[in-house]
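This report describes a protein chain and its ligand, with attention to domains, sheets and the ligand shell. The sequence and structure are shown first.

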Amino acid sequence: DPVLAIVGRPNVGKSTLVNRILGRREAVVEDTPGVTRDRVQYTANWNGRDFTVVDTGGWERDARGIDLRVAEQAEIAVEMADAVLLVVDAIVGITSSDEAIVRMLRKAKKPVILAGNKVDDIVQEADNASLWGLGLGEPYPVSAVHGRGVADLLDKVMDTLPEFSAVAGVERTGGPRRIALIGRPNVGKSSLLNKLAGSDRVVVDNVAGTTRDPVDELIELGDRTWRFVDTAGIRRRQHMAQGADFYASLRTQTALEKAEVAVVLLAVDEILSEQDVRILQLAIESGRALVLAFNKWDLLDDERRKYLEREIEQDLAHVEWAPRVNISAKTGWHKDKLVPALDLALENWDRRIPTGRLNAFLGELVSEHPHPVRGGKQPRILFGTQASSRPPKFVLFTTGFLDPGYRRFITRRLRETFGFEGTPIEVSMRVRE
Ligand code: GDP
């Protein structure tokens, strides 16, 4: 779902407004001094559309101590949001804290909606008008306590939020895990499907009512049901000379979009052709969990196996994090190795590292290997957070740009420390001035 962060300094009525938006009385988490408070997330709905609301602590200028932590959480929340709702107190008017928040928001470059709260009646609309001064466009007058203006505000929010979140990672839906089995023609995709499915195959039409829909298959593996997405594209033999490549890559992309994990099938009789490399690249870029399967292993003799293993080590060094299984779709050899690899990849793809643990890791790493000094300056990492899972994405808040080499070093250490086998991970940074 798209994510809306709600920010505002303390006492503007933010929590009341959050409750109003959620349409129910939600126990609002109390601030406990000395206790780290993470962002609080809720699912909200307006006019039939779901969205995620991230409530943040009050944001104060020059915050120290616990307030600083809360401010950091607010900054993180904004960074992880698709849009931001800034709440100010229309009766009090613009304060320097509000202005500081606006400066922070400008840097984040996210769409911002401004709500002037405590506008309980028409007379107070005049107070609301003064909020134009923040330079954020039209201020929406609301009364969180009475509900006045909230519907118009939410209409505006829904107009502003994208349909799909750019920041939230792949949504978790119920039902079987979704697999995209991809690979160039003749690599053995349909042979493998047949071997895995046996005779218990269930073909599912996933969107009723249209004719050209991709078809999924539900297959029982290791006592669980898995959804192989868009297998129609595999079953339907493409006898197109021209453009076949284009359609194959389109199919690959569609399947990846619907899937949680990709099984990239390669075949040992022709390893890493140009097309293999392209498909692998699509899989990596899709941000899905990834398993590499080497098919037609029955064709290998000892000499060729040695050669192949060297080649794999060299050419696939950039995806050494993906579990590898050697199989034969023809004989069924090792087909039971697929499930443990899928489980491992998905488990890591879903993972969340708690903020405290991540920052302990960062602290240790930085003290052992500080960033090199550049032009008399040494960028520092202030703190980090995992912005999303599916796949894991991390954001580091820093005092300056980190060298690409240093970022790669951090990524490598993250993998070494936390595992992450089978999932791509992303590390980005936000420079604070
Ligand atoms: P797809 O285009 O990826 O669906 O590939 P197919 O499943 O149609 O397989 C292409 C060819 O490779 C067929 O002739 C299969 O019999 C053969 N094949 C598939 N898997 C294996 C395998 O594990 N070993 C051997 N020797 N041949 C295989």
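The sections below treat the basis of the model, the domains, two sheets and the ligand surroundings.

## Basis of the model

The model is predicted; local features require pLDDT of at least 70, side-chain atom pairs count only at pLDDT 80 or more, and totals for chains, interfaces and linings use all residues. Residue numbers start from 1 along each chain as its sequence is written.

## Domains and their contact

The protein chain is divided into domain 1 (3–160), domain 2 (177–349) and domain 3 (355–431), with bounds taken from an automatic or database domain assignment. Between domain 2 and domain 3, 12 residues of the former are in contact with nine of the latter; contact means that C-beta atoms, placed from the backbone, lie within 7 Å.

On the side of domain 2 that touches domain 3, strand 12 (289–295) and helix 11 (338–349) each supply at least two residues. Helix 11 gives the most, with four residues. Helices (H or I, at least four residues) and strands (E, at least two) are DSSP runs, numbered from the N terminus. By class, this side of domain 2 has 10 nonpolar, two polar and no charged residues. Ala, Val, Leu, Ile, Met, Phe, Trp, Tyr, Cys and Pro count as nonpolar, Asp, Glu, Lys and Arg as charged, and the others, Gly among them, as polar.

## The six-stranded sheet

An open sheet of six strands follows the order 2-3-1-4-5-6, with mixed pairing; two strands pair if DSSP finds at least two bridges between them. Strand 2 (40–46) and strand 6 (139–141) are the edges, each with a single partner strand, so one side of each lacks a neighbour in the sheet. The twist averages 30° from one strand to the next, where axes are lines fitted to C-alpha atoms, for helices over the stretch in contact, and angles run from 0 to 180 degrees between N-to-C directions.

Strand 1 (residues 3–7) and strand 3 (residues 49–55) pair in the parallel sense over four bridges, and Ala5 has Val54 in strand 3 as its bridge partner. Helix 3 (residues 96–108) packs on the sheet, touching strand 1, strand 4 and strand 5, and its direction makes about 170° with that of strand 4.

## The three-stranded sheet

A further open sheet, of three strands, has the order 14-15-16 and mixed pairing. Its twist averages 25° from one strand to the next.

## Ligand surroundings

Of the 16 residues around the ligand, Gly188, Lys189, Ser190, Ser191 and Lys330 come nearest; the criterion is a C-beta atom, placed from the backbone, within 6 Å. Helix 6 (residues 189–197) provides the largest share of this shell, three residues.

Notes: Contact = placed C-beta atoms within 7 Å.
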